[in-house]
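Colleague: Please take a close look at the metal sites of this model, and then follow the chain outward from them into the surrounding elements. A connected account would be preferred to a list.

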Amino acid sequence: MRSKVGEVVTAEEGEIYDIELDESILKANRRLAEENRRLLDKHNVRAIDIMGATGSGKTTLIEGMIRRLKGKYRIAVIKGDLTTTIDAEAISRHGVEAIPVNTGKECHLDANLIQKALKRLNLEGIDLLLIENVGNLICPAEFPLGSHNRIVIVSVTEGPYMIVKHPYIFMDADVIVINKVDLAEAMGVNPRRLMEDARMINPKAKVVLACCRSGLGIGEVIEALGL
Ligand code: MG
Ligand code: ZN
């Protein structure tokens, strides 16, 4: 591939030594994700996977959704992080059950960890399960969890190229949230450009401009999910 900076060094398929990309692991994950989906469906639980980089606003979005939805649905949260339980504690303050999942060195949740977490929940006692993935925009795209919908959140503070640089994760999102629009001017980032990038990569997704901290846009996310 040629670019303005000359020849690009490009990894061939399978060339990078990365256990995560091993096809048998991905296949096993997909099978477990299907099992998770069947289990959720059996108990009438709708599950939504929320993905985005660290600091993009995943937890704040979840808290906003809980505030608006807890009168209508019985909600639980599965919260993935490498080692901390900070977010799970913040979420549990809203009076919903939050199961922390620590992945150690792994940079994504997988269907197996979700299966273990689901065993800790009384699925008959909930209607809506929000899953906060580990802060990362790369491999969660390859590890479906069995959720019914996927939200990807990106914040203007991450700069103008987060969407074009991570196309795969945005490709199968149902809702794309562009967060912290109140800081766009200070950051010199045009949220409309991010919106255009999102629409180009995934024309089927609903794209929402948001400020999750103030609550702007959360209603639109909920509506887009039909909740
Ligand atoms: Mg968080
Ligand atoms: Zn990973």
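Modeller: In this predicted model, the zinc ion (ligand 2) takes its protein donors from Cys-107 (SG), His-108 (ND1) and Cys-139 (SG), which lie 2.0 to 2.2 Å from it. Along the chain these donors follow the spacing C-H-x30-C. Cys-107 and Cys-139 thereby link distant parts of the chain, being 32 residues apart. Cys-107 sits in the loop between strand S5 (97-102) and helix H4 (111-119), whereas Cys-139 belongs to the loop between S6 and strand S7 (149-155). The two cysteines are classed as follows. Cys-107 has a relative accessible area of 27% and therefore counts as partly exposed, since the class of buried residues requires a value under 20%. Cys-139, at 8%, is buried because its value falls under that cut-off.

The loop that carries Cys-107 leads into H4. In this helix, Ala-111, Leu-113, Ile-114, Gln-115, Ala-117 and Leu-118 are buried. The elements that cover these buried residues of H4 include H1, S4, S5 and S6.

Two of those covering elements, S4 and S5, are themselves paired. Strand S4 (residues 75-81) runs parallel to S5 and is joined to it by 6 bridges. Within this pair, Ile-78 stands opposite Ile-99 in S5. From S4 the chain reaches S5 by way of helix H3 (residues 86-92), and this β-α-β crossover is right-handed.

The second metal site involves a residue of that connecting helix. The magnesium ion (ligand 1) is coordinated by Thr-59 (OG1), Asp-87 (OD) and Glu-132 (OE), at 2.0 to 2.2 Å. The spacing of its donor residues in sequence is T-x27-D-x44-E. Thr-59 and Glu-132 again connect distant parts of the chain: Thr-59 is in helix H2 (residues 58-69), Glu-132 is in strand S6 (residues 128-132), and 73 residues separate them. Both of these residues are buried.

Helix H2 also contains Met-65. With a relative accessible area of 0%, Met-65 is buried, because this value is under 20%. Not counting residues up to four places away in sequence, Met-65 touches Leu-130, Ile-151, Ile-218, Ile-222, Leu-225 and Leu-227. A long-range approach is also found between Met-65 and Gly-219, whose C-alpha atoms are 8.0 Å apart although their positions lie 154 residues apart in sequence.

Finally, two backbone conformations deserve mention. Most residues other than glycine have a negative phi. Asn-44, in contrast, has a positive phi, near 55 degrees. Asn-44 lies in the loop between helix H1 (23-42) and strand S3 (46-51). Its relative accessibility is 64%, so Asn-44 counts as exposed, the cut-off being over 50%. Lys-180 likewise is not a glycine and has a positive phi, of about 60 degrees. Lys-180 occurs in the loop between strand S8 (175-179) and helix H7 (184-187). At 24% relative accessibility, Lys-180 counts as partly exposed, because this value lies between the limits of 20% and 50%.

Methods. Residues are numbered from 1 along each chain as its sequence is written. Chains are lettered from A and ligands numbered from 1 in the order in which they are written. This is a predicted model: local features need pLDDT of at least 70, side-chain atom pairs count only at pLDDT 80 or more; totals for chains, interfaces and linings use all residues. Side-chain values use heavy atoms; hydrogens and water are left out. Donors are N, O and S atoms within 2.8 Å of the metal (3.2 Å for Na, K and Ca); water is not among the atoms, so sites may look incomplete. Helices (H or I, at least four residues) and strands (E, at least two) are DSSP runs, numbered from the N terminus. Buried means under 20% relative accessible area, exposed over 50%, partly exposed in between (1.4 Å probe, protein chains only). Contact means heavy atoms within 4.5 Å. Two strands pair if DSSP finds at least two bridges between them. A crossover is right-handed if, with the strands pointing away from the viewer, the path from the first strand over the helix to the second runs clockwise.
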